[in-house]
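Student: I am new to this structure and should like to go through it step by step. May we begin once it is displayed?

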Amino acid sequence: MSADDYLVGLLKAEASGQVRRVASRFAVTGEALEMATEAGFTGWEAGEGRKAMQQCFADWLQRYGLGNREDSQILDQAEAWFAANAFARFIDWHDAGSDREPIMPNCAGYRRRGSDSIYWLVFPGVFADEIAEGFDKIMAASALVKADMLQAGNDGKSTSVHKTPDLPRQPRRFYKFLAIVRKEGAEAEPLPSAT
């Protein structure tokens with residue numbers, strides 16, 4: 001039996017890749033404990049290190065479930081960022097085309113209202129450095145698209161090209177957010193339990 005067979009083998013088919021990676025790390029730790037026990041460093045009986053790691057992993061699964069916790073963390077972080085910045089750091093689309101320079105310190109992009117909708121065009125640097133901070137930006141964008149918060153471009157990229165009223169001859173790439181909270185039914189904070 002390999003180091004992680006005994007934990008990964010216990011997983012259900014719907015376990016995410018993240019859960020499988022965590023299981024593998026617990027398994028390696030369990031095997032290290034077994035080697036330390038065999039060398040006389042722990043004072044434990046053979047098999048106790050592996051059993052301890054199985055219990056730790058079971059506790060981890062009980063707390064976080066089988067889903068991808070990183071996706072949920074990305075959604076939480078994006079929602080929190082928009083809660084703090086959705087109206088304070090965006091140039092209103094209509095003001096951008098006026099003769100008056102918008103006063104927008106630390107600008108994050110543009111906000112455009114339609115008759116029954118609103119969307120936010122976020123500068124790529126703001127997305128990478130703030131909204132997706134701590135995560136791979138491609139993985140973060142994918143999670144936000146799945147949650148119906150972000151609209152991917154027609155070219156398959158996470159960003160889309162837009163001409164803004166203040167720079168109508170210079171198309172630029174933005175992350176286009178259609179919602180600042182996840183849609184009903186998108187992966188929420190509590191993940192499904194393993195039991």
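Student: What distance does helix 2 reach from its first C-alpha to its last?

Tutor: The model under discussion is a predicted one. Helix 2 has 22 residues, and 1.5 Å a residue gives an expected span of 32 Å. The distance from the first C-alpha of helix 2 to the last is close to that expectation, at 32 Å.

Student: Is Gln 18 buried or exposed?

Tutor: Gln 18 is found in helix 2, which comprises residues 17-38. A residue counts as buried under 20% relative accessible area. The relative accessibility of Gln 18 is 11%, and therefore Gln 18 counts as buried.

Student: With which residues is Gln 18 in contact, leaving aside its neighbours within four places in sequence?

Tutor: Gln 18 is one of the buried residues of helix 2, a list that also includes Val 19, Phe 26 and Glu 34. With the neighbours within four places in sequence set aside, the contacts of Gln 18 are Gly 67, Asn 68, Arg 69 and Glu 70.

Student: Which residue just after helix 2 takes a positive phi?

Tutor: Helix 2 covers residues 17-38, so the place to look lies just beyond that range. The phi there is about 85 degrees, and the residue that takes it is Gly 40.

Student: How many residues of strand 3 are buried?

Tutor: Strand 3 consists of residues 118-122 and is mostly covered. On one side lie the buried residues Ile 118, Trp 120 and Val 122, and on the other lie Tyr 119 and Leu 121, also buried. Both faces are thus covered, and the number of buried residues in strand 3 is five of five.

Student: In which sense does strand 3 pair with strand 2 and with strand 6?

Tutor: Strand 2, residues 109-113, pairs with strand 3 over five bridges in the antiparallel sense, and the two form a hairpin with four residues between them. Strand 6, residues 167-177, pairs with strand 3 over three bridges. The sense of this second pairing is also antiparallel.

Student: Which residue in strand 6 is the bridge partner of Trp 120?

Tutor: Trp 120 belongs to strand 3, where Arg 111 stands opposite Trp 120. In strand 6, the bridge partner of Trp 120 is Phe 177.

Student: Why do the buried residues of helix 7 lie on the same side of helix 7?

Tutor: The buried residues of helix 7, which spans residues 137-146, are Ala 140, Ala 141, Ala 143 and Leu 144. They lie on the same side of helix 7 because they cover an arc around the axis of only 160 degrees.

Student: Which exposed residues does the face of helix 7 turned away from its buried side carry?

Tutor: The buried residues of helix 7 pack against helix 4 (69-85), helix 6 (124-131), strand 4 (150-151) and strand 6. The face turned away from that buried side carries the exposed residues Ile 138 and Lys 146.

Student: Where does a side-chain oxygen of Asp 136 reach?

Tutor: Asp 136 is placed at the start of helix 7. A side-chain oxygen of Asp 136 comes to within 3.1 Å of its target, the backbone nitrogen of Ile 138.

Student: What phi does Asp 148 take?

Tutor: Asp 148 comes just after helix 7. The phi of Asp 148 is positive, at about 60 degrees.

Student: Is Ser 160 buried or exposed?

Tutor: Ser 160 is found in strand 5, residues 160-164. The covered face of strand 5 holds Ser 160, His 162 and Thr 164, while Val 161 and Lys 163 form the uncovered one. Ser 160 has a relative accessible area of 12%, so Ser 160 is buried.

Student: Which side chain does a polar contact of 2.7 Å join to that of Ser 160?

Tutor: Leaving aside neighbours within four places in sequence, Ser 160 is in contact with residues including Gly 153 and Arg 172. The polar contact of 2.7 Å, however, joins the side chain of Ser 160 to that of His 162.

Student: Which residue in strand 6 stands opposite Val 161?

Tutor: Strand 5 and strand 6 run antiparallel and are joined by four bridges. A hairpin through two residues connects them. Opposite Val 161, in strand 6, stands Arg 173.

Technical notes. Residues numbered from 1 in each chain as written. Predicted model: local features only at pLDDT ≥ 70, side-chain atom pairs only at ≥ 80, totals over all residues. Heavy atoms only, no water. Buried < 20%, exposed > 50% of the residue type's maximum accessible area, 1.4 Å probe, protein only. Pairing = 2+ DSSP bridges. Arc of directions from axis to C-beta. Contact = heavy atoms within 4.5 Å. Polar contact = N/O pair within 3.5 Å; in protein donor to acceptor, adjacent residues only side chain to side chain. Expected span 1.5 Å × (residues − 1).
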